[in-house]
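User: Please take a close look at one part of this complex, the open sheet of chain B and the helices that go with it. Then set it beside the rest of the model, with residue names where they are available.

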Amino acid sequence: MRYVVALAQLAPRLGEVDANLELAAGWLRRAAGEGAQLTVLPELALTGYLLSDLVPEVALRADDPRLAQLSRQAPGMLVTVGFVEETDDHRFANSAALLRDGELIGTHRKVYLPTYGLFDEGRFTRPGDRIRTVAVGEPLGRIGLSVCEDFWHASLPMLQAQDGATLLVNVAAGPARAPGSAAGLRAIAGWHRMQDTYALLGTVAVAFCNRVGNEEGLTFWGGSRLLGADGSVLAEGPLYEEALVVGALETDDLRMQRYALPLLADERLELVRRELDRVIAERGGLEPPPEPES
Amino acid sequence: MNEPEAAPLPERDPAQTIDVIVGFIRSQLAQTGFRRLVVGLSGGVDSSAAAFLAARALAPDDLLVIRMPYRTSSPGSEADAQLVVDALGCRTERVDITPMVEPMLGLIGPEEDPSLRVRRGNVMARQRMIVLYDRSAAFDALVLGTSNKTEALLGYGTLYGDMAAALQPIGDLYKSQLRAVATELGVPERIVAKPPSADLWPGQTDEGELGATYEDLDRILFALVDRRWTQDRCVAAGLDRSLVEWVAHRVAQTEFKRQLPPVAKISLRTPGIDHLYPRRRPGSRRES
C-alpha cells in the first residue's frame, strides 16, 4: 500500500511559539492537499533552535491543547513536530511529539544533546531517558522517533528497529558547517551515509526532516530525505530552501525485504547484551558479570 | 503568610563587593600584562566609584583619570570630578571635546531640537571613547569601564561609546548597590547623593529620561533578572504593571547591546561560535 509522507522543511521563528503554530498549521494543510498521511515538522519547529534562556518561556506540556489543536488541522493525518517539552516535574527536554486528530500518540525526548563544537544544548535542556517505538496502526505499524543528534548514535535507531519500528523518523535542526566547500559537503554526506546505513541494516524506512533558515550566525541546511526500507531514496529536499518534500513508501514490500535480508531476525540480542554488560562493567572497573551456564 | 512576597532591592555587602572587584582589576591587569588604567571621569557616582576602585588596585601614578567636558556640561560635574581627583591623588587630564564634536553635531542639526538629543549625545559619548582609547595607547593602559548593571540591562548607554571598555568592574552592580559601594569607598557624599545624569544636555537626569526612579527600576530588574520572577509576580508584589512591562520590554529590546555582533558561520571554525578560548591564555600575554 502506498503511504504518503511529507517532510515540511521550514524555517521557524526564534522564540515565537504562536507564530510558529500558525506557520506549522499552514504547512500541515498544504501537506494534506498533497495527500500526505504522515507529515514531519523539524526539530524545535515550534520554537526555533538557539533558545538559550528562552527555554522555560517557550516550553509546552506534551498535553498542551495547542499541540492537539495543531494536529486537528489535517484530519486523519499523523503529525510529528519538534518542541520544547516541560515535564510534570519541570524538566525541559528537546522533544518530538506524534499526534493524530488531536490525540497525543507518543513523544520522544532527545537522548543525545550535543554539547561540543558549535553546540551548547546540554546547557539549556535535559536529555531524555527512553528509547521506544510508537504503534500507529496499519499499514505503517510502528514509528521510532528521534531528534537530530540521536541519529549519530547507531545504537538508538538499531534498538528502535529491533523494537518493531517500520519507519524511523528523525527531526533535525542541523546547522551548516563550511557550506559549499568540500568539508561542508562531507558533513552532509555523513548524514546521508547514516540514513542509508540505518535503512539497510534495519530494513526500515527512514524519514529525515531538517529545517532551513538562519539564526544568529548559523544557517540550517535542509536536505530532508525519505528512504524506503531497501535504502532507495524516495524523495529529497533542496539545500537551504524551504520546501514541502513529499514521497510515498510502499508498505507491502517490507515483508519480502525482511525475508530476503533477515538482518533484524538474525541479530543476537542476548549475545549483544551479554557483551555490553561485560564492557560496561569493565569500563567502570567492576567485576564482569558471571558467564552464563552452558 | 498568604501575602505575596514584596520585591526587595538587590542585596548589598559593599565591603566584600569591593574586595572582589579590586581582586578582579588586579588579576585582569596581571593576565593582560598591563600595569596602568585609564578611566573617564564625569563627576557622577559611577565613574567616581570606578576611579576609587582603580585607586585601591593601583598606585596613584598608574591611574590616569580623564575629564572630558562639552561646552554645555554642568560646571557642578567638573567640580565634583575635581573632588575625586583630589581625594585620589592620581594623574589627571582635562580634554575639552567641544571642538572635536562640533563639526559632527553641525551635520546632525540644531541643538534646540529635542528629537536630535540622543544622536547628539551618542556623538559625545563616542568622542569620549576615542579620547580614552587614544590616551590609553599613549599611557600604556587599559580603559576601565564605568557602566553599571541597571543601565546595561536597560540598554541605557551608547554602543561603542560609554559602553566601550577593556574591563567592566561595576557591570554587575545595580545602581542602588553601586551607591552603597561608593559610600563605603569614601566617594564624597555630594556625588553619591546628587541625581544621576548623563549630562548630555542641560537639565538632563537619568530618572527624568527613563521615567522612573532607580530604586523602582532596581527592584523590578532584580526580580525579573536575578530572581527570574514572572511579570505577574512582580505586579502581585506591588510593582507597577506598566513599569514592569516597560522594563521587561526594554531588557529584551536592548539584548543586542550586551552581545558581540553575530558572525555568519561559513567555515569549520568561527570566532565566537566554535573558536572559543579564554579571553587571555598562555601566549596572549603582552610582553611588558
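Analyst: The answer starts with the sheet of chain B, moves to helix packing in that chain, and ends with chain A and the contact between the chains.

The model is predicted. The predictor assigns the complex an ipTM of 0.84 and a pTM of 0.91. For chain B the mean pLDDT is 94, with 99% of its residues at 70 or more.

The part in question is an open sheet of 4 strands in chain B, ordered β3-β2-β1-β4 with parallel pairing. Its edges are β3 (91-94) and β4 (141-143) of chain B, each of which pairs on one side only. From one strand to the next the twist averages 25°. Within the sheet, strand β1 (residues 36-40) of chain B runs parallel to strand β2 (residues 63-67) of chain B, and 4 bridges join the two. One position can be named: B:Gly40 is opposite B:Ile66 in β2(B). Helix α5(B) packs on this sheet and touches β1, β2, β3 and β4 of chain B. The direction of α5(B) makes about 160° with that of β1(B).

In general, a pair of packed helices is described by the angle between their axes and the distance between the axes. The helix that packs on the sheet also has a helical partner. Helix α4 (residues 98-108) of chain B and helix α5 (residues 117-139) of chain B have axes that come within 10 Å and cross at roughly 155°. Angles over 145 degrees count as roughly antiparallel, and α4(B) and α5(B) are therefore roughly antiparallel to each other. Their crossing is right-handed. On the α4(B) side the contact is made by B:Met100, B:Val101, B:Met104, B:Leu105 and B:Ile108. On the α5(B) side it is made by B:Arg119, B:Arg120, B:Val123, B:Met124 and B:Gln127. By class, this contact of α4(B) with α5(B) has 7 nonpolar, 1 polar and 2 charged residues.

Another helix pair of chain B can be set beside that one. Helix α10 (residues 214-226) of chain B packs against helix α12 (residues 241-253) of chain B at an angle of about 65°, and their axes are 10 Å apart. Here too α10(B) passes α12(B) in a right-handed crossing. From α10(B), B:Asp216, B:Leu217, B:Ile220, B:Leu221 and B:Leu224 make the contact, and from α12(B), B:Leu243, B:Val244, B:Val247 and B:Ala248. The classes in the contact of α10(B) with α12(B) are 8 nonpolar, no polar and 1 charged.

Chain A has an open sheet as well. It has 6 strands in the order β6-β7-β8-β9-β12-β13 (chain A), and its pairing is mixed. At the edges stand β6 (134-137) and β13 (233-236) of chain A, each with a single partner strand, so one side of each has no neighbour in the sheet. Neighbouring strands of this sheet are turned by 20° against each other on average, direction ignored. Strand β7 (residues 141-147) of chain A pairs with strand β8 (residues 167-172) of chain A in the parallel sense over 5 bridges, and A:Ile143 is opposite A:Leu167 in β8(A). Helix α4 (residues 155-162) of chain A lies across β7 and β8 of chain A and runs at about 165° to β7(A). Helix α5 (residues 182-202) of chain A also packs on the sheet, where it touches β8, β9 (205-210) and β12 (225-227) of chain A; its direction makes about 155° with that of β9(A).

Some backbone details of chain A remain. Most residues other than glycine have a negative phi, and most peptide bonds are trans. A cis peptide bond joins A:Glu138 and A:Pro139, with omega about 5°, and A:Pro139 lies in the loop between β6 and β7 of chain A. A:Leu44 has a positive phi, near 50°, and is placed in the loop between β2 (38-40) and α2 (55-58) of chain A. Strand β4 (residues 92-100) of chain A pairs with strand β5 (residues 103-109) of chain A in the antiparallel sense over 6 bridges, among them that of A:Ala97 with A:Thr107 in β5(A). β4(A) and β5(A) form a hairpin with 2 residues between them, and A:Asp101 in the turn has a positive phi of about 50°.

Between the chains, the contact takes 10 residues from chain B and 11 residues from chain A. The chain B side divides into 6 nonpolar, 2 polar and 2 charged residues.

Definitions and conventions. Residues are numbered from 1 along each chain as its sequence is written. Chains are lettered from A and ligands numbered from 1 in the order in which they are written. This is a predicted model: local features need pLDDT of at least 70, side-chain atom pairs count only at pLDDT 80 or more; totals for chains, interfaces and linings use all residues. Axes are lines fitted to C-alpha atoms, for helices over the stretch in contact, and angles run from 0 to 180 degrees between N-to-C directions. Angles under 35 degrees count as roughly parallel, over 145 as roughly antiparallel, 65 to 115 as roughly perpendicular and the rest as oblique. A crossing is left-handed if the near helix is turned anticlockwise from the far one by less than a right angle, and right-handed if clockwise. Two residues are in contact if their C-beta atoms, placed from the backbone, lie within 7 Å. Ala, Val, Leu, Ile, Met, Phe, Trp, Tyr, Cys and Pro count as nonpolar, Asp, Glu, Lys and Arg as charged, and the others, Gly among them, as polar. Two strands pair if DSSP finds at least two bridges between them. pLDDT is the predictor's confidence in each residue, from 0 to 100.
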